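Reader: Hi there! Could you walk me through this structure with a few questions and answers? I'd like to see the reasoning behind each one.

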Amino acid sequence: MANDITSTPEHFYQDAAKYWSKVPATVNGMLGGLGSVSTTDIQGSKTLLKQLLNSKFPPGRSYALDCGAGIGRITKFLLSELFDQVDMVEQNAAFLETAELYLGQSLMERKVGVMFPVGLQHFAPEPKKYDVIWVQWVLGHLTDDDFVKFFVNCQIGLRPNGVIVAKENITSTDDVDVDATDSSVTRPLGVLKKLFDQAGLDCDRLVKQHNFPKGLYAVYMFVLKPKIDVPHATETLKTVDGVSD
């Protein structure tokens, strides 16, 4: 990972899995002790997603994919409210077991499709299955090479007009921050844009999450579309809070 992680990729992933194996399967656990931001987070995500679904060339509302799903917080409060079906990808099988209880029998039967117990570095979606692929607070657990590979694979899983939304912490400098505790990195905006570009994705919208407590990383949502031109299926890049390409 370009000198940002001193361990090998194998150890990088093993250390992260070991860390998460000790984390409580609760909303507070999933959010690193900051469960209080969940409602604000969901509100910001829902505002963006509703805008996309009501845009000129919207994604469909049939199927979404929740990547790095944890116990299903985003599936429960965001994706299941706006899509007919939601699949979940989460490497920690214990979290997915808890998710069945957290989501409840009714939601599981009506909305949840497949639950994939696999890390994103090993995941490839079924071709042309998803209208929206949502990836939040998990990309820091991918090496740069696996980051690019993952997003290349995601494009194969998109249906017509489908989009990928990545929501991530951003460093305030041009440096990559390394967290040895949970074996993750936090990348600056420029690095994320470069990796998305390498994966063949254009950033159609870039939106900052507001109203988080002071002292936290800035959080941005990236609406990503394949660079391959699709006639009448692209819109002008929309930039929020002065952030642009």
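Reader: Happy to start with Val152: which helix does Val152 lie in?
Author: Let's begin with a reminder that this model is predicted. Following the chain to residues 144-156, we come to the helix that holds Val152. That element is helix 7.

Reader: Is Val152 buried, partly exposed or exposed?
Author: Buried would need under 20% relative accessible area, and exposed would need over 50%. Val152 has a relative accessibility of 37%, so it counts as partly exposed.

Reader: How far apart are the C-alpha atoms of Val152 and Val223?
Author: Along the chain, Val152 and Val223 are 71 residues apart. In space, their C-alpha atoms are separated by 15 Å.

Reader: Good to know! Where in the protein is confidence lowest?
Author: As a starting point, the mean pLDDT of the protein is 92, and 90% of its residues reach 70 or more. Confidence is highest in strand 1 (residues 63-67), at a mean of 99. At the other end, with a mean of 38, is strand 10 (residues 238-239).

Reader: And over residues 229-245, how many contacts does the model have beyond near neighbours in sequence?
Author: Some care is welcome here, as the pLDDT is below 50 over residues 229-245. Beyond near neighbours in sequence, the number of contacts that this stretch has in the model is 32.

Reader: How many disulfides does a search of the whole structure find?
Author: Take Cys67, where the nearest cysteine sulfur is that of Cys154, 5.3 Å away. Cys67 is in no disulfide. For the whole structure, the search result is zero.

Reader: Why is the sulfur of Cys203 not in a bond with the closest cysteine sulfur?
Author: A disulfide needs two cysteine sulfur atoms within 2.5 Å. The closest cysteine sulfur to that of Cys203 belongs to Cys154, and it is too far for a bond because the distance is 15 Å.

Reader: Do tell me about burial too: is Cys67 buried or exposed?
Author: The cut-off for buried is under 20% relative accessible area. Cys203, at 15%, therefore counts as buried. Cys67 has a relative accessibility of 1%, so Cys67 counts as buried.

Reader: Which residues does UniProt place under "binding site"?
Author: The feature comes from an unreviewed UniProt entry. The residues it names also appear in the lining of the largest pocket. They are Gly68, Arg73, Leu120, Gln121 and Gln136.

Reader: Which residues does Gly68 touch, not counting those up to four places away in sequence?
Author: Gly68 lies in the loop between strand 1 and helix 4 (73-82). At 26% relative accessibility, Gly68 counts as partly exposed. The residues Gly68 touches, with that exclusion, are Val89, Glu90, Leu120 and Val138.

Reader: Which side chain makes a polar contact with the side chain of Gln136?
Author: Gln136 lies in strand 4 (residues 130-136), and at 4% relative accessibility it counts as buried. Leaving aside neighbours within four places in sequence, its contacts include Cys67 and Arg73. The polar contact, at 2.9 Å, is with the side chain of Trp134.

Reader: One last one: which backbone oxygen does the side chain of Ser183 reach?
Author: Ser183 lies in the loop between strand 6 (177-179) and strand 7 (184-186), and at 7% relative accessibility it counts as buried. Beyond neighbours within four places in sequence, Ser183 is in contact with residues including Asp15, Gly140 and His141. At 2.7 Å, the backbone oxygen its side chain reaches is that of Phe12.

Note on methods
Residues numbered from 1 in each chain as written. Predicted model: local features only at pLDDT ≥ 70, side-chain atom pairs only at ≥ 80, totals over all residues. Heavy atoms only, no water. Helix = DSSP H or I, 4+ residues; strand = E, 2+ residues; numbered from the N terminus. Buried < 20%, exposed > 50% of the residue type's maximum accessible area, 1.4 Å probe, protein only. pLDDT = per-residue confidence, 0-100. Contact = heavy atoms within 4.5 Å. UniProt positions renumbered as here; feature names shortened; annotations may be inferred. 1 Å grid on protein atoms, 1.4 Å probe; cavity = no way out; pocket = protein on both sides within 12 Å on 5 of 7 lines; lining within 4 Å. Polar contact = N/O pair within 3.5 Å; in protein donor to acceptor, adjacent residues only side chain to side chain.
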